[in-house]
Amino acid sequence: MYALIDCNNFYVSCERVFNPKLNNKPVIVLSNNDGCVIARSNEAKELGIKMGEPFFKCQTLVKKHNITYLSSNYPLYGDMSKRVMSIIKSCFENFEVYSVDEAFVFTKNIDEKICKEVYEKIYKFLGIPTTIGVGKTKVLAKFANLIAKKHIYNPYFIYKNECKELLSLVDVKDIWGIGYKTAYKLNDLGIQNAQDFLNTNSKVIKQQFNVVIQRIALELQGVSCLELQEVQNKKNIVSSRSFGNLITTKIELAESLAHFIAKAAKKAREQNSKPSGIGIFIKSNKYNKKPYYNSAFTNLDYPTNDTSYLIGQIKLLLDKIYKKDISYKKAGVMLLGLSPSSSYQHNFFNTKLPKQEMIMPTIDLLNKKGCEIYYLAEGLNRKWAQKREMCSAKYTTKWSDILKVV
């Protein structure tokens with residue numbers, strides 16, 4: 001049996017853990033630079049706030065209903081996600097982290113008692129409410145999760161063959177793995193919901209759709225085609241952001257790129273890999289009369305995830321593509337050709353680089369413990385930083401932000 005454990009309204013739930021005053025009130029969380037709605041409480045959903053809606057478009061509803069809006073606090077959400085996944089790992093041997101707030105597990109025996117125990121354990125230790133859907137396949141587990149959350153309003157639901165009539169409650173566009181274009185095509189064939197999809201002749205599905213849709217159809221029938229996926233290391237890592245304010249100087253642009261490469265290098269170290277090449281791109285506002293975009297790439301002399309060395313290479317690349325008298329809106333960096341650190345053989349004549357790399361684990365460890373160590377090249381004022389005017393504290397990742405009980 002497969003089970004999908006999904007954290008409810010995850011970003012909002014994380015905020016409520018440390019600010020109980022938000023409980024039972026409409027709350028939304030905004031994207032980078034406070035641009036769009038990326039998370040909503042159930043109360044906000046009922047008021048008509050849509051996912052992905054630009055914040056300026058829902059200002060009227062926000063003011064009318066006194067909706068609390070918060071800037072995204074990714075350090076908090078990332079840390080809470082790791083804690084949720086560690087609890088799931090302690091309960092199940094075989095599991096797959098599907099997203100920041102979802103995980104699939106595979107187990108031979110799972111019943112309502114076990115679901116209740118997992119739900120209560122996560123809520124007791126973290127205060128995060130979850131929904132657990134169970135089925136013979138991953139698609140049925142996802143379906144069961146949806147039924148539990150939107151139709152029977154229960155923390156967990158186990159799908160069985162005698163529950164097939166519930167398939168009619170789910171639109172075909174809401175079946176896991178089916179996109180909007182495929183849903184429209186299915187609708188044209190008279191397939192409106194999951195029940196219709198299940199009853200469709202397999203020959204029709206095979207003739208009209210690709211192998212992915214065929215597997216989804218089989219999964220709905222209880223035939224497992226999608227196994228748990230092991231976490232695979234990334235071959236490339238990209239770190240980019242739109243700026244909170246337009247950048248007009250080369251120094252500020254270099255600072256932002258140094259900050260991005262530091263984040264990317266940290267991710268590479270976390271998966272114990274090193275890039276063999278790097279790249280950067282810079283971009284002006286697309287609404288300019290003459291928008292400017294350019295990029296530059298280079299192969300590294302030695303594969304490395306040492307931040308200081310990579311910052312030096314970034315500055316050389318920026319010299320090639322920077323233009324004066326342009327207001328820059330976005331920039332980013334890319335680590336290319338990542339390979340396991342263990343597969344790299346150091347050059348006999350290069351003794352400096354390995355010594356530099358030895359410093360990085362210590363810096364990572366100190367930052368993980370709540371310190372804030374970064375390179376001066378990343379800037380002090382950071383006027384280019386994202387707009388996060390309503391960001392909550394980093395309750396679990398920064399010593400000064402830890403809650404105090406008085």
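A residue counts as partly exposed when its relative accessible area falls between the buried cut-off, under 20%, and the exposed one, over 50%. Keep that in mind as we walk through this predicted model.

Let's start with Lys 394. Its relative accessible area is 33%, so Lys 394 is partly exposed. You'll find Lys 394 in the segment after α14 (360-368). Lys 394 also has company: together with Lys 234, Lys 263, Lys 267 and Arg 388, it makes up a patch of positive charge on the surface.

Now for the opposite sign. Asp 111, Glu 112, Glu 117 and Glu 120 form a patch of negative charge, again on the surface. Pick out Glu 120 from that group, and you're looking at a residue of helix α5, which covers residues 112-126. Is Glu 120 buried or partly exposed? With a relative accessible area of 42%, Glu 120 is partly exposed, because that class takes in what lies between under 20% and over 50%.

The last stop is Ser 339, which sits in strand β14, a short entry in the numbering at residues 339-340. Ser 339 has 27% relative accessibility, so it counts as partly exposed. Which residues does Ser 339 touch, once its neighbours within four places in sequence are set aside? The contacts are with Asn 272, Ser 273 and Lys 274. Follow the chain to Ser 276 as well: Ser 276 and Ser 339 are 63 residues apart in sequence, yet from C-alpha to C-alpha they are 8.0 Å apart in space.

Technical notes
Residues are numbered from 1 along each chain as its sequence is written. This is a predicted model: local features need pLDDT of at least 70, side-chain atom pairs count only at pLDDT 80 or more; totals for chains, interfaces and linings use all residues. Side-chain values use heavy atoms; hydrogens and water are left out. Patches are made of residues with over 30% relative accessible area and no salt bridge: like charges are joined within 9 Å, nonpolar side chains (Val, Leu, Ile, Met, Phe, Trp, Tyr) within 5 Å. Accessible areas come from the Shrake-Rupley method with a 1.4 Å probe; for residues, only the protein chains shown count as cover. A salt bridge is a side-chain nitrogen of Lys or Arg within 4 Å of a carboxyl oxygen of Asp or Glu. Lys and Arg count as positive and Asp and Glu as negative; His and the chain ends are not counted. The place of a charge is taken as NZ of Lys, CZ of Arg, CG of Asp or CD of Glu. Helices (H or I, at least four residues) and strands (E, at least two) are DSSP runs, numbered from the N terminus. Buried means under 20% relative accessible area, exposed over 50%, partly exposed in between (1.4 Å probe, protein chains only). Contact means heavy atoms within 4.5 Å.
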